Amino acid sequence: MKMTFRWYGEKDPVTLETIRQIPKMSGVVTALYSIPVGESWDLDSILKQKKLANDAGLEMEVIESVPVHEEIKLGSPARDKLIDNYITTIRNLGRAGVKVICYNFMPVFDWVRSELAYKTADGSNCLAYDQHMIDALDPRKQSLSLPGWDESYTREQLAALLRRYESVDAEQLFQNMVYFLTALMPACKESGIKMAVHPDDPPWSLFGLPRIISNEAGIDRLFRAVDEPENGITLCTGSLGADRNNDLVKMAGKYAAMGRVHFVHARNIKFIPQDDGKLFFHESPHPTECGSLDVYGILRALYENGFDGYIRPDHGRNIWGESGKPGYGLYDRALGAVYLSGVWEALEKTLPGNKKEG
Ligand code: DNO
């Protein structure tokens with residue numbers, strides 16, 4: 001297992017020097033943020049970013065994300081050229097020693113929360129999801145600004161894009177994903193790159209848009225359709241865990257045993273029951289007892305089933321007066337990293353070696 005930390009490049013207020021000082025930190029998870037979605041990443045720019053990390057004593061073996069252009073998700077005729085560009089990026093990342101690409105296949109919106117700075121009992125603040133507030137939103141009618149929303153669209157462009165998705169149902173989206181991944185696999189094999197799809201966050205359809213990587217059935221189907229070891233997942237505990245029907249301990253063990261967990265986003269969330277039964281959760285500190293997810297059980301299932309990939313602490317709260325990028329400040333993620341490393345050390349020292357190691 002390699003502990004990593006997300007770094008948003010030179011503009012990130014969390015510096016490489018501070019990341020380096022977190023115990024057991026092996027590398028950063030980053031991206032080239034200035035290249036427009038759909039264009040290929042050139043080797044020089046990749047090597048420049050890698051040198052920044054390496055000069056600070058950190059590796060750059062995981063990229064999050066190489067975003068997938070909407071034309072690919074829509075399955076339009078423009079997709080083939082864009083897929084070629086994606087393949088060029090894979091080849092260049094492979095040349096630079098990158099091992100894993102985290103991406104998602106969510107139409108239009110990435111992760112969605114209703115609040116950026118929900119105040120918790122201990123005075124810290126964190127991201128929250130309130131189904132009441134989400135139900136009141138309509139991206140077709142309102143100009144909205146939420147974390148995870150692509151802000152590069154005007155309201156009109158967004159409305160036009162949403163109209164195009166009216167003819168893409170979950171089945172069509174799935175076929176478009178299979179087409180995309182199938183085209184990538186040869187380049188992945190040649191370049192030593194593994195694709196790790198990030199699950200839908202939250203794991204259900206939003207605003208009428210289909211979402212397909214939300215549960216065990218969806219992931220199983222994807223693995224069957226493109227049955228290659230390079231086709232794997234980012235096991236994001238907080239995303240999949242928002243649906244209480246997802247048995248994360250089981251999924252972690254099952255997919256690790258298949259060798260398909262290439263990357264883990266570890267975080268905890270806390271469900272707060274509402275009188276009308278609607279969903280409300282906020283993100284919580286990483287340890288098991290601070291939230292509703294069995295973080296220890298998930299790590300143990302990964303360990304016992306031979307997981308030897310990359311992990312990073314996912315979203316942290318704002319604590320100790322920090323007002324960081326929502327979910328991505330320094331302090332609480334650093335605490336998370338150390339907690340996760342501590343649990344892993346205990347697993348290594350108390351349980352027989354994980355299957356891959358012997
Ligand atoms: C949020 C992240 C996601 C993730 C993408 C991967 O904090 O986990 O934005 O990076 O879905 O493409």
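## Exercises on a predicted model

Just past helix H11 sits glycine 306, with a positive phi near 85 degrees. Keep in mind that this is a predicted model. Grab the structure and let's work through it.

### Exercise 1: Around H11

Find out which residues of H11 are buried and what they pack against.

**Solution.** Step one: go through H11 and pick out the buried residues, which are Val295, Ile298, Leu299, Ala301, Leu302 and Tyr303. Step two: look at what surrounds them. These buried residues pack against the helices H9 (237–241), H10 (248–257) and H12, and also against the strands E9 (261–266) and E10 (268–271).

### Exercise 2: H11 meets H12

Work out whether H11 and H12 are parallel or oblique to each other, and list the residues that make their contact.

**Solution.** Start with the geometry: the axes of H11 (residues 295–304) and H12 (residues 331–350) come within 10 Å and cross at roughly 50 degrees. Angles under 35 degrees count as roughly parallel, and those from 65 to 115 as roughly perpendicular. The two helices are therefore oblique to each other. As for handedness, H11 crosses H12 in a right-handed way. Now the residues: H11 brings Tyr296, Leu299, Arg300 and Tyr303, while H12 brings Leu340, Val343, Trp344 and Leu347. Sort them by class and you get seven nonpolar residues, no polar ones and one charged.

### Exercise 3: H4 and H7

Do the same for H4 and H7: describe how they cross and who touches whom.

**Solution.** First, the axes of H4 (residues 79–95) and H7 (residues 170–191) come within 9 Å, crossing at roughly 20 degrees. Angles under 35 degrees count as roughly parallel, so H4 is roughly parallel to H7. This crossing is right-handed. Next, the partners: from H4 you have Ile83, Tyr86, Ile87, Ile90, Arg91 and Gly94, and they meet Phe180, Ala183, Leu184, Ala187, Cys188 and Ser191 of H7. Classed up, the contact of H4 with H7 holds nine nonpolar residues, two polar and one charged.

### Exercise 4: Into the core

Name the residues with the most contacts inside the largest nonpolar core, then list the contacts of isoleucine 101 beyond its neighbours within four places in sequence.

**Solution.** The largest nonpolar core has 84 residues, and those with the most contacts inside it are Val28, Leu93, Ile101, Ala252 and Leu302. Now zoom in on isoleucine 101. With neighbours within four places in sequence set aside, isoleucine 101 is in contact with Ile63, Val66, Leu93, Ile193, Met195 and Ala196.

### Exercise 5: Backbone oddities

Track down two cis peptide bonds, then two residues other than glycine with a positive phi.

**Solution.** One cis bond joins glutamate 64 and serine 65, with omega about -5 degrees. Serine 65 belongs to the loop between strand E3 (59–64) and helix H3 (70–74). Another cis bond links aspartate 201 to proline 202, with omega about 0 degrees. You'll find proline 202 in the loop between strand E7 (194–197) and helix H8 (216–225).

On to phi. Lysine 24 has a positive phi of about 70 degrees, and its place is the loop between helix H1 (16–20) and strand E2 (27–30). Lysine 24 counts as partly exposed because it has 14 C-beta neighbours inside 10 Å. Phenylalanine 207 has a positive phi near 50 degrees and lies in the loop between E7 and H8. With 15 other C-beta atoms within 10 Å, phenylalanine 207 is partly exposed.

Notes: Residues numbered from 1 in each chain as written. Predicted model: local features only at pLDDT ≥ 70, side-chain atom pairs only at ≥ 80, totals over all residues. Core = buried A, V, L, I, M, F, W, Y, C linked by C-beta atoms within 7 Å. Buried ≥ 20, exposed ≤ 12 C-beta atoms within 10 Å, placed from the backbone. Contact = placed C-beta atoms within 7 Å. Axes fitted to C-alpha atoms, helices over the stretch in contact; angles between N-to-C directions. Helix = DSSP H or I, 4+ residues; strand = E, 2+ residues; numbered from the N terminus. Parallel < 35°, antiparallel > 145°, perpendicular 65-115°, else oblique. Left-handed = near helix turned anticlockwise from the far one by under 90°. Nonpolar A, V, L, I, M, F, W, Y, C, P; charged D, E, K, R; others polar.
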